[in-house]
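Work through these exercises with the structure in view. Try each task before you read its solution.

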Amino acid sequence: MKTLLLASCATLMLAGWAGGARAGDLGLAGSTYDWSGGYLGVNAGAAINSSEFSSNYVYTGSAEIDDETRALIDNFDFSDTADDLRFTGGFLAGYNWQYSNFVLGAEADVNYIGFNSSVSHNVGDAISQVMTPETASGTDKIDYSADWFGTVRARLGYAMSDVLIYGTGGLAWGHMKIKQSLEASNNDGESLSWSGEEDGYRAGWTLGGGIEYGAGRWLLGAEYLYVNLGSYNWGDSGDVFLADETLNDDFNNVRQKGNADYAFSVVRATLKYRF
């Protein structure tokens, strides 16, 4: 929903800009501005993280456990969605081929993105059912950060003289680091601990659109991109000490399984120089 709202705002902004172009530029005659050729440029804007995180705790032991114990384990599950807004900026290069009013292009970019935040789940209610509740406390936390992403995209646009409206889509890649830890304890020496992480690059896809205005060799534009880089997965066995021997054996056979669906939206301004 958040992504759709952002896309709508970006579309309205671009439509407003197009509406402000000279009336002569909006005709259907062949474009009088030459969009063909290569270019280099820069971009800067805002990125909204819409990545979805989930954590599941699964019993992996060979012994049979009752429904009550299974429900205790399920109480540790949680899911959440990122909502951080960060600066993004980078460099781009591309090439356009013009056929009357239609412009076909290819573009690649490399960009900084400053996502660095966390989502957390208070597991107090869950742990109070498996250890002495009066002094029990704990949190399940997922820390995440992302530093770079890039795209390689095709572009197809319609030129109205020195105004170009286009759609774009193609491959995307990015790097993300995720670490999850659940730590819980009480004053009686009981404890529960799981920790897992994932750090690496993923390839995915991107779709978007934009508008550009040409002035001599300079191109000034605004662009929206939705970027989806697929899933990150991690897991870990726990380190558990509980006074109840049965619960202690059961929870020592519980494995943490985490998942992040990495996606974000970008709204940015672009400045390009044609050569």
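**Exercise 1. Buried or exposed: which word fits E212 and R155?**

Start with the ground rules. This is a predicted model, in which local features need pLDDT of at least 70, side-chain atom pairs count only at pLDDT 80 or more, and totals for chains, interfaces and linings use all residues. Residues are numbered from 1 along each chain as its sequence is written, and side-chain values use heavy atoms, with hydrogens and water left out.

Step 1. Take the cut-offs: buried means under 20% relative accessible area, exposed means over 50%, and partly exposed lies in between (1.4 Å probe, protein chains only).

Step 2. Apply them. E212 is buried, and R155 is buried too.

Step 3. Look at how the two meet. E212 and R155 form a salt bridge, with 3.1 Å between the closest N and O atoms. A salt bridge here is a side-chain nitrogen of Lys or Arg within 4 Å of a carboxyl oxygen of Asp or Glu.

Step 4. Place the partners. E212 is in strand β8 and R155 in strand β6, so this pair ties together parts 57 residues apart in sequence. Strands (E, at least two residues) and helices (H or I, at least four) are DSSP runs, numbered from the N terminus.

**Exercise 2. Find how many salt bridges there are, and which residues are joined into one network.**

Step 1. Count. The total is eleven salt bridges.

Step 2. Take E223 and R153. Their side chains meet in a salt bridge at 3.5 Å, N to O. The pair links distant parts of the chain: E223 is in strand β9 and R153 in strand β6, 70 residues apart.

Step 3. Check the cover. E223 counts as buried because its relative accessibility is 2%. R153 counts as buried because its value is 3%.

Step 4. Add E198 and R202. Their closest N and O atoms are 2.7 Å apart in a salt bridge. E198 has 19% relative accessibility, so it counts as buried. R202 has 24%, so it counts as partly exposed.

Step 5. Join the bridges that share partners. One network results, made of E107, D109, R153, R155, E212, E223, R268 and K272.

**Exercise 3. Trace how β6, β7 and β8 pair.**

Step 1. Recall the rule: two strands pair if DSSP finds at least two bridges between them.

Step 2. Start with β6 (residues 137–160) and β7 (residues 163–185). They run antiparallel and are joined by 22 bridges. I142 has Q180 in β7 as its bridge partner.

Step 3. Look at the turn. Two residues lie between the strands of the β6 and β7 hairpin, where S161 takes a positive phi near 60°.

Step 4. Move on. β7 and β8 also pair in the antiparallel sense, over 23 bridges. S185 has S191 in β8 as its bridge partner. Their hairpin has five residues between the strands, and G189 takes a positive phi near 90°.

**Exercise 4. Describe the surroundings of Y201.**

Step 1. Place Y201: strand β8, residues 191–215.

Step 2. Class it. Y201 counts as exposed because its relative accessibility is 54%.

Step 3. List its contacts (heavy atoms within 4.5 Å). Setting aside neighbours within four places in sequence, Y201 touches W173, G174, H175 and Y232.

Step 4. Compare sequence and space for Y201 and W148. They are 53 residues apart in sequence, yet 9.5 Å apart C-alpha to C-alpha.

**Exercise 5. Which residues form the nonpolar surface patch?**

Step 1. Set the rule. Patch residues have over 30% relative accessible area and no salt bridge; like charges are joined within 9 Å, nonpolar side chains (Val, Leu, Ile, Met, Phe, Trp, Tyr) within 5 Å.

Step 2. Name them. The patch holds L40, V42, F91, Y213, W218, L220, L271, Y273 and F275, with about 930 Å² of accessible area together. Such areas come from the Shrake-Rupley method with a 1.4 Å probe; for residues, only the protein chains shown count as cover.

Step 3. Find the elements. β1 (37–49), β9 (218–237) and β11 (254–274) each give two or more residues.

Step 4. Test one member. Y273 is in strand β11. It counts as partly exposed because its relative accessibility is 36%.

**Exercise 6. Where does pLDDT stay under 50?**

Step 1. Define the score: pLDDT is the predictor's confidence in each residue, from 0 to 100.

Step 2. Take the average. The protein averages 89, and 89% of the residues score at least 70.

Step 3. Locate the stretch. Residues 1–28 stay under 50. Where pLDDT is low, the predicted coordinates should not be read in detail.
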